[in-house]
Amino acid sequence: MPNRCIRPGDNPDLTKERETCTFDTDELAANLYGSRRNLERRREISQKVSADPDFADPIPHEFLSREKAVDATAKKSKVIFQKWKNLVKPEEMPHLVNEAVGIQGFPLALHHAMFLPSLNSQADDDLAAEILPRAKAYEIIGTYAQTEMGHGTNLRELETTATYDKTTQEFVINTPTRKAMKWWPGNLGKMSNYAVVCCQLIIDGKNLGPHNFLVQLRCEKTHEPLPGITVGDIGPKIAYNTTDNGFLALDNVRIPRRQMLMKHAKVSPDGTYTPPIHAKLNYGAMVHVRAHMIYSHGHLLARAAAVATRYSAVRRQGRIENGGPEVQILDYQTQQHRIFPQIARAYAILFAGQEVRDQYAKTLEGIANGQADLLPDLHALTSGLKSVVTFMGGLGIEQCRMSCGGHGYSDASGLPKLYGVQIGGCTYEGENMVMLQQTARYLMKGVKWAEQGKSLSPSIAYLGKKSGKSLIGLKGGDITREHEAILETLEHTARRLAIDASQLWEKRIKGGECKERAWNGVTVEMNRASRVYTRLFMARSFHRRLLSSPSSIRSVLSDLFSLYLHYECVDMAQHLLEDGHCNGGQIQYLKKRLYEDLTTLRPNAVSLVDSFEISDRELNSVLGRRDGNVYEALFQWAKQSELNYTDVLPAVKNYMMPMMEENRSKL
Ligand SMILES: CCCCCCCC/C=C\C/C=C/C(=O)SCCNC(=O)CCNC(=O)[C@H](O)C(C)(C)COP(=O)(O)OP(=O)(O)OC[C@H]1O[C@@H](n2cnc3c(N)ncnc32)[C@H](O)[C@@H]1OP(=O)(O)O
Ligand SMILES: Cc1cc2nc3c(=O)[nH]c(=O)nc-3n(C[C@H](O)[C@H](O)[C@H](O)COP(=O)(O)OP(=O)(O)OC[C@H]3O[C@@H](n4cnc5c(N)ncnc54)[C@H](O)[C@@H]3O)c2cc1C
């Protein structure tokens with residue numbers, strides 16, 4: 001089958017892998033990216049970025065100091081948002097940014113991810129008309145400043161205040177304590193001159209809760225902080241080090257009334273407050289990022305899987321049979337068991353990410369027409385997905401890293417940085433344990449609605465179904481029926497965990513605890529229920545994609561889906577067994593099927609990651625390069641280390657040599 005990755009001069013092991021492929025890699029890539037046209041555009045952008053001298057890197061970012069890396073990233077960002085701005089569609093921008101600057105952030109990341117979305121969805125018409133054209137034209141750079149040093153999760157206790165002064169029709173924005181300083185917002189430290197700042201709205205001494213305000217932070221001409229504003233960078237982090245996550249203190253800074261984001265909640269000139277149609281519409285920018293980060297985190301896992309798979313095809317180490325040749329490490333069952341589930345999960349996350357983006361768009365349409373009824377379902381789903389996907393992705397990337405042995409520990413592999421970026425997602429946009437509880441709240445309502453025979457939205461329709469016996473392992477050789485049997489078992493498990501958690505909660509309440517304390521006593525079980533609900537959604541979403549896929553890729557997607565389901569079930573075996581819905585024999589059957597899947601997928605493994613269609617530049621990994629010529633490239637990469645600029649380092653000359661000399665002279 002055609003695999004356009006085959007080229008002369010490639011590592012022969014990798015070429016052999018591509019020759020055994022049983023499907024059209026372009027067809028799968030086109031399906032993944034929505035159409036042939038989208039795939040072609042993706043390639044076009046990759047090629048043009050590589051050819052643009054403005055994006056050339058004299059040395060890899062890994063060897064730059066933080067300051068130089070920030071500088072290089074800003075320089076390229078200017079090229080993107082001036083020269084390239086009109087050459088790509090908005091939906092192509094993330095790919096362009098990944099290609100041109102990489103994954104560690106850039107000066108306009110938060111401008112795009114949260115500043116513009118906040119203004120778009122929360123500013124009233126007047127403010128939007130004034131500020132949006134300027135923000136969209138990059139005349140100003142903005143960010144989203146919500147988290148404080150003392151509070152990130154519990155937004156109700158944020159301390160920054162916006163007190164309305166009727167006499168001047170202004171808000172006075174103030175940071176009352178050290179721990180009330182805004183702390184963490186991306187691009188706040190050095191790049192942004194404006195921010196949407198989340199503050200407690202105070203009118204006539206009454207606290208009306210967190211609301212968003214547009215605040216200018218720096219002079220548009222000099223970029224110096226304005227009077228009353230203290231702002232800076234919070235320092236180096238595990239990753240995202242080209243992002244200036246920042247701190248901000250506001251000392252009674254006055255802004256006009258109309259700079260409150262008043263599309264939903266409003267304050268009139270005389271100080272009358274009008275609440276929004278849904279109390280949490282002020283949190284819209286977070287829902288926006290949660291809805292979009294699923295897909296981008298799927299892509300991070302896809303990259304790691306691509307690196308580990310390609311490298312494992314070219315790396316030869318050890319023998320499986322005595323006297324045989326050294327084998328490709330991809331032939332070890334343990335290696336396949338480490339890596340192939342990550343390929344399947346990456347596809348699953350990407351498919352789910354695309355579905356949830358569509359659901360987000362529909363919810364926004366409703367809100368624009370005054371209807372927020374789809375929001376609770378979306379909030380539950382995005383909260384669950386962001387938590388499950390970031391955690392799964394982190395584990396998956398780490399498995400991929402370890403599967404590359406020593407070279408996986410080197411920045412040359414690209415894997416340590418991928419991991420650092422990925423796990424940031426476990427914390428930002430709501431710490432995972434906290435967001436899973438948001439999902440659980442919705443599930444608890446769903447359990448009650450199901451008991452009362454009320455109609456349920458599609459994502460929780462399973463709560464209203466009746467369980468039959470698990471048919472796993474009992475349906476013979478028909479793969480379609482086996483998929484259905486597993487999905488039904490997952491539905492049962494998700495339902496059972498939600499009902500059990502609900503009963504545990506009720507029991508504690510009946511035992512005399514208040515609802516909230518009782519909740520804290522069952523949150524581990526609540527979060528389990530949320531995870532399985534989310535994993536069920538992901539499995540269903542993958543299944544929908546399989547059923548709608550063209551026949552040319554149906555077979556490979558079905559193999560991948562089988563592996564996905566078998567792996568998920570074995571991973572969740574405890575839940576399947578706990579209530580006796582499945583028995584030990586069925587789990588053994590699932591394991592046997594999983595090991596068969598590894599063998600089935602082996603000939604297509606490299607081609608499956610080729611279909612992620614990630615260019616060498618974007619992948620930024622010596623181990624994962626398309627041509628597989630890793631050893632020479634590793635040496636060339638290491639030679640660029642600044643420690644190699646000279647044969648004898650000053651550190652050696654000044655300390656080690658004198659020490660050795662002194663020790664020698666003592667003899
Ligand atoms: C676009 C591309 C993206 C690519 C990635 C870009 C990379 C950028 C990198 C990083 C950016 C990072 C940015 C940030 O981190 S911004 C800061 C994010 N902060 C958080 O997420 C804080 C988490 N905390 C909360 O969201 C809330 O405080 C809370 C939900 C935990 C609790 O809020 P609270 O006001 O106390 O509400 P309740 O728990 O009492 O809930 C009441 C009710 O409201 C529902 N609800 C809560 N939130 C929402 C919401 N956002 N939308 C809809 N509904 C919501 C909640 O479920 C309750 O419902 P009920 O049970 O029916 O009563
Ligand atoms: C890379 C990165 C980028 C970020 N970018 C931004 C940004 O652009 N803008 C912005 O405003 N913020 C940003 N943040 C901040 C981020 O949103 C917060 O750190 C996050 O919401 C978690 O809040 P916290 O730090 O207060 O954690 P905490 O709430 O202090 O969490 C600490 C621990 O307490 C637990 N915990 C807290 N509350 C509960 C609860 N109710 N139930 C059970 N357990 C609980 C948590 O699960 C966790 O284990 C960023 C953070 C990171 C790491």
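**Figure 1. Helix α8 and the shell around ligand 1.** In this predicted model, helix α8 makes the greatest contribution to the shell around ligand 1, giving six residues. At least two residues of this shell come from each of the helices α6 (109–122), α8, α10 (375–403) and α12 (432–451). Of the 28 residues around ligand 1, those that come nearest are K280, Y283, H379, Y428 and G430. By character, the residues of the shell are 13 nonpolar, eleven polar and four charged.

**Figure 2. The position of ligand 1 relative to the two domains.** The chain is divided into domain 1, which comprises residues 1–33, 279–456 and 478–628, and domain 2, which comprises residues 111–276. Where does ligand 1 lie with respect to domain 1 and domain 2? Ligand 1 lies between them, because both domains give residues to the shell around this ligand.

**Figure 3. The contact between domain 1 and domain 2.** The C-alpha centres of the two domains are 35 Å apart. In the contact, 13 residues of domain 1 meet 17 residues of domain 2. On the side of domain 1 that touches domain 2, the elements giving two or more residues are α8 (284–314) and α11 (415–427). The residues on this side of domain 1 comprise six nonpolar, five polar and two charged. Helix α8 thus appears in two of these views: it gives residues to the side of domain 1 that touches domain 2, and it gives six residues to the shell around ligand 1.

**Figure 4. An open sheet of three strands.** The strands of this sheet are arranged in the order β4-β8-β7, and their pairing is antiparallel. Which strands form the edges of the sheet? The edge strands are β4 (182–183) and β7 (229–233), each of which pairs on one side only. Strand β7 runs antiparallel to strand β8 (residues 246–250), and five bridges join the two. Within this pairing, V231 has L248 of β8 as its bridge partner.

**Figure 5. The annotated span of residues 24–141.** The unreviewed UniProt entry places the feature "domain: Acyl-coenzyme A oxidase N-terminal" at residues 24–141. In the model, this span is 64% helix and 0% strand. The C-alpha atoms at the two ends of the span lie 43 Å apart.

Key:
Residues are numbered from 1 along each chain as its sequence is written. Chains are lettered from A and ligands numbered from 1 in the order in which they are written. This is a predicted model: local features need pLDDT of at least 70, side-chain atom pairs count only at pLDDT 80 or more; totals for chains, interfaces and linings use all residues. Two strands pair if DSSP finds at least two bridges between them. Helices (H or I, at least four residues) and strands (E, at least two) are DSSP runs, numbered from the N terminus. UniProt positions are given in the numbering used here, feature names are shortened, and annotations may be inferred rather than shown by experiment. Domain bounds come from an automatic or database domain assignment. Two residues are in contact if their C-beta atoms, placed from the backbone, lie within 7 Å. Ala, Val, Leu, Ile, Met, Phe, Trp, Tyr, Cys and Pro count as nonpolar, Asp, Glu, Lys and Arg as charged, and the others, Gly among them, as polar. A residue is near a molecule or strand if its C-beta atom, placed from the backbone, lies within 6 Å of it.
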